[in-house]
Amino acid sequence: MKNLKPILNTANQIVHLQSKGVKFNLISVDEAKKYLELNNNYFKLRAYRKNFPKHPDGPLKGQYINLDFAMLKDLAIIDMHLRYLLLQMSLDIEHFAKVRLLKAIENNNNDGYSIVIDYIDSLSPQRKRILQEELARNQNNPYCGGIISKYNGCYPIWAFIEIITFGTLIHLYDFCITKLCLKKMKSDYYLLSTIRELRNAAAHNNCFIYDMSANDAQHKPDPKMLMALKNIPTTTKQKRFKNERTRQIITLLYTHKTFVSSHGVFSARKEALNKLIERIFHHIDYYADNKMIISNFNFLKNVVDILYP
């Protein structure tokens, strides 16, 4: 307990940032205080400092290089817009994943009931218990409780997919791919698994661009996605995809492009992405000395230009 850090009031938060080399040239100390008190919390805002290098030695050792509070604020705002848009797009993907799955089952001449029975029968005791708990929680849900009551355990696939979580939907998706020999849809499962993790992060307001230089990728990028981005140099893709959050963001953009069959939805998200890119580059002059940030922003712009022309 002796290593616990004391809570800092706004004034002390500013002092702490200054001790770490954060400047207040582009925004005044008073403006920064108001922002911290009304718009953001200190812990979340300071996370974006990881995008800036520190002095390796000398009298300023350990202090950040060319980091102004306005830059932290700018990155936080960009991250908010990015997070909200990614959440919207992940909901689009969930919807069209259901459309794709239902169409595949229909083309397979399945009655829609037997596939759900087979799926539930295939579950391990632990996963079956999890599913039962999900359904029990939703029995009185004002949005889907009526579906549960109507079918009372004998669910057709088109009703079942409306009362399960996204995680269970992905598990069901994988089961149907194997059961119905839908080999062409196998890569969908891996794409959706990536989207699930990103969607959960966005829904919980987690930061996305707090450490763009981290080499923490847990999985390789999808080969078809790499092919779709063939106009981007291989070395650039290899470098950017070493970051797990970057890999997940680009995977979502690619999956959305692949899954969404509605021209209206696609056009709306394209417009939103272009506005996001405009916002990203609104203060790009802030980062003239930070090649890492600029290269990451340019990479995202190039991906959007390719996938959403």
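These legends describe close-up views of two cavities and three helix pairs in a predicted model.

Local features need pLDDT of at least 70 and side-chain atom pairs count only at pLDDT 80 or more, while totals for chains, interfaces and linings use all residues. Residues are numbered from 1 along each chain as its sequence is written, and side-chain values use heavy atoms, with hydrogens and water left out.

**View 1. The largest cavity and its lining.**
The model holds 2 cavities of 30 Å³ or more. A cavity is a set of points, on a 1 Å grid over the protein atoms alone, where a 1.4 Å probe fits but cannot get out; lining residues have an atom within 4 Å of a point. The largest has a volume of about 160 Å³, where volume is the space filled by probe spheres set on the points, joined across faces, edges and corners. Its lining counts 15 residues. Ile 209, Met 212, Thr 246, Ile 249 and Leu 300 lie nearest the centre. Helix 4 (69–107), helix 13 (244–259) and helix 15 (291–307) each give two or more residues to this lining. Helices are DSSP runs (H or I, at least four residues), numbered from the N terminus. The lining divides into 11 nonpolar, 3 polar and 1 charged residues. Here Ala, Val, Leu, Ile, Met, Phe, Trp, Tyr, Cys and Pro count as nonpolar, Asp, Glu, Lys and Arg as charged, and the others, Gly among them, as polar.

**View 2. The second largest cavity.**
This cavity holds about 50 Å³ of space. Its lining is His 16, Leu 17, Lys 20, Val 22, Tyr 42, Arg 46, Arg 49, Tyr 64 and Leu 72. Helix 1 (10–19) and helix 3 (42–46) each supply at least two of the lining residues. By class, 5 are nonpolar, 1 is polar and 3 are charged.

**View 3. Helix 10 against helix 13.**
Helix 10 (residues 186–203) packs on helix 13 at about 125°, with the axes 9 Å apart. Axes are lines fitted to C-alpha atoms over the stretch in contact, and angles run from 0 to 180 degrees between N-to-C directions. The pair is therefore oblique; angles under 35 degrees count as roughly parallel, over 145 as roughly antiparallel, 65 to 115 as roughly perpendicular and the rest as oblique. The crossing is left-handed, a term for a near helix turned anticlockwise from the far one by less than a right angle, with clockwise being right-handed. Contact means heavy atoms within 4.5 Å. Helix 10 contributes residues including Asp 188, Leu 191 and Leu 192, and helix 13 residues including Arg 247, Gln 248 and Ile 249. The contact has 8 nonpolar, 4 polar and 3 charged residues.

**View 4. Helix 1 against helix 2.**
The axes of helix 1 and helix 2 (residues 29–38) come within 10 Å and cross at roughly 120°. Helix 1 is therefore oblique to helix 2. The crossing is right-handed. Thr 10, Ala 11, Gln 13, Ile 14 and Gln 18 of helix 1 meet Val 29, Ala 32, Lys 33, Leu 36 and Glu 37 of helix 2. These residues divide into 5 nonpolar, 3 polar and 2 charged.

**View 5. Helix 4 against helix 13.**
The angle is about 40°, and the axes of helix 4 and helix 13 are 9 Å apart. The two are therefore oblique to each other. Helix 4 passes helix 13 in a left-handed crossing. Helix 4 residues including Leu 82, Leu 86 and Met 89 meet helix 13 residues including Ile 249, Leu 252 and Leu 253. The contact divides into 10 nonpolar, 4 polar and 2 charged residues.

Definitions and conventions:
1 Å grid on protein atoms, 1.4 Å probe; cavity = no way out; pocket = protein on both sides within 12 Å on 5 of 7 lines; lining within 4 Å.
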